[in-house]
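Work through the exercises below with the structure open. Each task is followed by a solution in steps.

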Amino acid sequence: MEEIKMKRINFFIILLCIICGLKANAEIEHLYNFGYPEIPSATSTFYNVCSKDNYLYILTRYGLRTYEIGNNGNPVETSTVFMPHCYSMKKYKDKIYIASVAMNTENHQNTLYEIDISVPDNPVQINTINFNEKNSSGYIDVFNDFIIYRFTAFNTAVTKCYLINRETFTAEEISILAIKSINDSIGYNLSSGCLTDISDADNIETLGYIDLNLYHNNEAIKLYSSINDTTAIFASRNKISFWNIADPENPFFIALYESENSQSYTAPYITDDYKLITASNTKISIIDISNPNSAELITTIEFINNFTAFVISCGDYVYTSDLFYGGFKIFKFENNELNFIKKYGNPCLDRGYCKNNCLINPYRHNHGISIWSVEDPFNPVKIDADFGNDKLKDAKICRDYLTCRSYQDSELYVYDISDINNPELIRTIDLRNFCEIQLHMFKEYIDSGQNYLYIADIYQNRLLKYNIEDGELLLTENLPFGLLDFAFKDDTGYAMYPNYNKRDLLVYPDLADDNFEYILKEEVIDSYKASYLSIEDNFLIAQNHPGDKVIFLDISNPYNPVYQFELADLEYGNSVPVYFKEHVFYNQCFKYNIYNIDSTSSGIIGYDESFDCNAYGISSLIPYSCDGFDYLFVPRREYFEVYKVTFDSENKEENIYELKPLSMSNYPNPFNPETSISFSLPSAGKVNLAVYNTKGQKVKTMTDDVYEKGLHSVIWNGKDETGNAVSSGVYFYRLNLDGKTVKTNKCLLLK
């Protein structure tokens, strides 16, 4: 049973399927992750960063990471507590409570974790409790003796509420109780507007009434707190109201402070010496609230952070993070002044490509380009290519060129990447005069002779042609009005237009010769929702947003697109389908559906299997083949996941046993201080077994010797090659048999 559990945890296995005989199958095996940034992006809710003493605690989607504040405010990671599908957290004294959310998966439940941070640099998970509440968000409110844990279902908006005893860590379902704690004994009831005695979970009493709408004009309250337990503080977008609660049955209004700083996404933060720090998308303000009757602005600093996820103070430093983009901005508060220090950490990865054995991924929202050499898929190497601009996004590979754009200066950049280590900027096209509203309404293409750059201006229904050599605009061709989208393949253009409940295609067969006479294909797309076009192999794909209609047209004859098939069983897709080795991979937010495709595929086809990789936040898979093996690189928000995919075609008569991974597991798991790694060989061979960390770095070679057929085991004592104990966390152990990687598992070291 332990081995079965390990397989469920460590691998996403696609089972063989039989449809009218043996068809193409795909077996997916998770190998490892790489590319962790210095600082990850926090999950996108308000209370996902907290601090204690000189330490920051950041909740990612995959666990809690601890950072010690070093010189000049630089965070240095000290430990990680791994947990799946993390959603929100609350700190209360020496404890952190974390909610994880199960999204469309059978392998995870909604779970509440209790983390002890009494030793600040080494948080320890001490309690968990599972809830059978899937597809729902979890929100935590922590009080002196109990926790209120609320679930709201994504699809039905039904809310359930549980009360959890903090001492016994047991839960009972209760009627909806929406209370925010102000201090250890007083809470605020969001439904009634009354103060509440929360000192006894068995006897929650209603106290005096506070009408926040008098001063906050129905705005969302982002902060509930107090000063010295006698003054309650409520903060909305740019207003802070102070209330005397010395007698909680008779609270009264003290004062209102109105800030020029309009908080948009984040809650303000109160320091131990009663300074309130607020952050918007354009500035940070620090306000002295030690005397509610005369709250005073101390300092303000302006900056552009796009979407501020949180603001927090740790020691003399203030940190802000982007809601979507990742990374920190670090400021130092000294002599009543706030000064910008640096930006720290990497932004999120966006959809990428594979070219010349390299992964090329733009970071989201104007943060540059990430390039990794994957010539050895088990040892990716980051390439520090200089693009001369760290504000690039929306990268696209066009033959030997990479096109990018920057929303900062409204220009399209064209780079020669024939030498990926030394990209050369060869042309800049100013798009500002063509479209000042939506720069994403452009599709670019470089012709087969690599002499001309074509830009489809979807917003203004026209096609532009540039000379790459000198950047001269050669011609502008007006397209019929109502253009929805445009796609290019091999000097042929495809324009999509509405036609009542269907879509027409205009096929431009020879753009290279400036031939703009089109072939009309009426109602070839049977969808009134279709609004996006993409090209995969010999397919033109039409899909809508949110991706519940995906149609494939065969363009093996480029001048005559023909309806081939469409994908069934769609709920919500948020990426472009990927066609790889007669399979279509399509993101369904919390899983990837895999469709087997062959020459007989037609009509509406269902997926054969799926693998759960919590695909939310994944822009697209990147397929890659090397040395006869096939891989999938999955760009996460913060790193890459690497999967090995094995295709078994109907004409192969190989022994099915040989296609399966060898048997290998470790026990105990999690472990401390040592674990036994067992492996079974179907035949004798040279075995290399090594342990790696999550960055893909080798920690220790366990064995490199010849073994006979049968069961074997080795002991890992949690130490590296030099005999030093490694830190807590996830590690991967990989078995090579006769020079080929045949199995990779993961284990968890907990101290």
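The model used here is predicted.

**Exercise 1.** State how many helices and strands the protein has, and what share of its residues is buried.

Solution. Step 1: the protein has 3 helices and 64 strands. Step 2: of its 751 residues, 56% are buried.

**Exercise 2.** Find the strands that pair with strand 49, and give the sense of each pairing.

Solution. Step 1: strand 49 (residues 562-567) pairs with strand 48 (residues 550-554) in the antiparallel sense, over 4 bridges. Within this pairing, Phe552 has Phe565 as its bridge partner. Step 2: strand 49 also pairs with strand 53 (residues 603-605), here in the parallel sense and over 3 bridges. Leu567 has Ile605 in strand 53 as its bridge partner.

**Exercise 3.** Classify the ring pair of Phe486 and Phe488, then that of Phe486 and Tyr508.

Solution. Step 1: the rings of Phe486 and Phe488 lie 4.8 Å apart, centre to centre, with 50° between the planes; the pair is tilted. Step 2: for Phe486 and Tyr508 the centres are 6.1 Å apart and the planes are at 35°, so this pair is tilted. Step 3: Phe486 belongs to strand 42 (residues 485-489) and Tyr508 to strand 44 (residues 502-508), 22 residues apart. Step 4: buried means under 20% relative accessible area. Phe486 has 0%, Phe488 has 9% and Tyr508 has 2%, so each counts as buried. Step 5: ring pairs join these residues with Tyr445, Tyr454 and Tyr518 in a cluster.

**Exercise 4.** Which charged end sits over the ring of Tyr452, and which over the ring of Tyr692?

Solution. Step 1: over Tyr452 sits the charged end of Lys465, 4.1 Å from the ring centre. Step 2: over Tyr692 sits that of Arg734, 4.2 Å from the ring centre.

Technical notes:
Residues are numbered from 1 along each chain as its sequence is written. This is a predicted model: local features need pLDDT of at least 70, side-chain atom pairs count only at pLDDT 80 or more; totals for chains, interfaces and linings use all residues. Side-chain values use heavy atoms; hydrogens and water are left out. Two strands pair if DSSP finds at least two bridges between them. Helices (H or I, at least four residues) and strands (E, at least two) are DSSP runs, numbered from the N terminus. Buried means under 20% relative accessible area, exposed over 50%, partly exposed in between (1.4 Å probe, protein chains only). Rings of Phe, Tyr and Trp (its six-membered ring) pair if their centres lie within 6.5 Å; planes under 30 degrees apart count as stacked, over 60 as edge-to-face and the rest as tilted. A charge sits over a ring if NZ of Lys or CZ of Arg is within 6 Å of the ring centre and within 35 degrees of the ring normal.
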